[in-house]
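Hi,

Here is the structure I promised to pass on. Have a look, and then read my notes underneath.

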Amino acid sequence: MPVERRRHFREKVWLTWLALALLLAWGCRGLHLDLGYIREKLPFLLGLRLAPDGFIQGAALTIFVTSAAMVCALAVALLTAAGRLSNNPFAFAVATFYASLFRGTPLLVQVLIIYLALPQIGIVLGALSSGLIALSLNYGAYLAETIRSGVMAVPAGQREAALALGLPRWVITWKIVAPQALRLIIPPAGALFVSMLKDSSLVSIMGLWELNFLAQSYARSTFRYMEMLLAAALVYWALSIVFELVQLRLERRFGRGIPVVIGR
Amino acid sequence: MSLEPAPLQPLVRVTGLDKWHGDVKVLNGVSLELHWHERVVVCGPSGSGKSTLLRCLNGLDLPQAGTVVVDGIELTRASVERVRRQVGMVFQSFNLFPHMTVLDNCTVAPIAVRGLRAAEAREIAHDYLDRVRMARHAHKYPGQLSGGEQQRVAIARALCMNPTLMLLDEPTSALDPEMIQDVLDIVLALAEDGMTMLCVTHEMGFARRVADRVLFMDHGEIVEQGPPGRLFDAPGTDRLRMFLSRRLPGGPIAR
């Protein structure tokens, strides 16, 4: 019974996760954490309270920065992938040049150039816009490669069969190629977005009150580094798990028609 | 599919096709006429240009020289979609869309190209799936079907576009032996209904039964053509004689 076996597999996975989580919690007991302080600061870390200037802060800001950068990165990546797959040498060159430049330099350096160096030539961007631009451009370059490889992995016969049926180009792209490419794009893209969630902590260096920034400043004021940094790590992890669950759903959605392998 | 009176104009007129793949000349001045309701089988050694000839008829390959006219429409970049609407194609590797159910495979083009309403397209699809004896698998995905079943769906998918010409590119070459006859029977029924078809195949018994005419291709040229009986029993060229003897060593062509 494959359905039965799949259920058993899933049960065992959950139990093992639970055991490992308990083990981790038990290990943390030895750290003598000041749980009261964590409980006091958690609403701020999570961003349930607004910052003194009325702006969102903590995890809420982290989520905002990540989602906004995700949308922009996706747009940039689609354009870049189209350029890389195009027969136009100009579009190809622009796409490869951009991808090479932004994959070949550190994200931190990019953030600093946009925020600190551009004002020198008169371009002054706010902390939030600088962060968004840097994250979008950096991750757009990686995501473009992921998209390109997904599109190229769709067998040529699929496009040919669609052409032979007389389907117009946009229908072939959206109904035949994109759904099949997405199945291959979603796992690595999900990994990129989880990684972006964590890299969004880099914008804290520009004084944005996101999760990592708050954790550090609370820690500094009371010297409760262990409490605050562990709390921040836990929140990042929880957010990542949400991302992973979304990814899993999308994988199932676009995996239709592909035989189910155990463990999915 | 009713038998309309055959017009005098041939359905397909191919003149002087030249096709290069890089340095290799795959088609060398191929000319060909296909009449309404005519069943033509193309045979020849691999690399002789059979598939390329088929693919030039619906613009999957574009020749460097020569013209293709299908039902009065000259095949150009501008007219290629109009021609494809009339020409169905069945591939050696089926090429069903794996992320769509059997039914959706058959309705996607009628809805997007012929502008049919979804309900109407489904009805037509069910009719053709029934004809290929796949109606009860309509809800399945291609990955759940055997090769022979997939190929039958691919034939139904092409028929749902109501084509005037069917191109079959080695439709049974990727199938296990026990499934070949199932697919051939479907093609046979199609031929008996009067569908104009051009079929690349190595199934000589099948060629004998359905073909009005057999084309033998070698090195990008049509070397010889005629009714299957004459071609197989009394080949007029050494090249065909050699091809036939290699295909069926020591035995007569299957009847």
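Below is what turned up at the contact between the chains and in the cavity.

First, some housekeeping: this is a predicted model, so local features need pLDDT of at least 70 and side-chain atom pairs count only at pLDDT 80 or more, while totals for chains, interfaces and linings use all residues. Residues are numbered from 1 along each chain as its sequence is written, chains are lettered from A in the order in which they are written, and side-chain values use heavy atoms, with hydrogens and water left out.

**The interface.** Chain A puts 19 residues into the contact and chain B 23 (contact means heavy atoms within 4.5 Å). Together they bury about 1800 Å², 66% of it on carbon and sulfur atoms (the accessible area, 1.4 Å probe, that two parts lose on being put together, summed over both). On chain A, the trio A:E160, A:A164 and A:L165 supplies 30% of the area buried against chain B, more than any other three residues. A:E160 also forms a salt bridge with B:R55, at 2.9 Å from N to O (a Lys or Arg side-chain nitrogen within 4 Å of an Asp or Glu carboxyl oxygen).

**The cavity.** There is one cavity of 30 Å³ or more, and the largest holds about 40 Å³ of space (on a 1 Å grid over the protein atoms alone, points where a 1.4 Å probe fits but cannot get out; lining residues have an atom within 4 Å of a point). A:A164 and A:L165 turn up again in its lining, alongside residues including B:F91 and B:R157.

Cheers

Definitions and conventions. 1 Å grid on protein atoms, 1.4 Å probe; cavity = no way out; pocket = protein on both sides within 12 Å on 5 of 7 lines; lining within 4 Å. Points joined across faces, edges and corners; volume = space filled by probe spheres on them.
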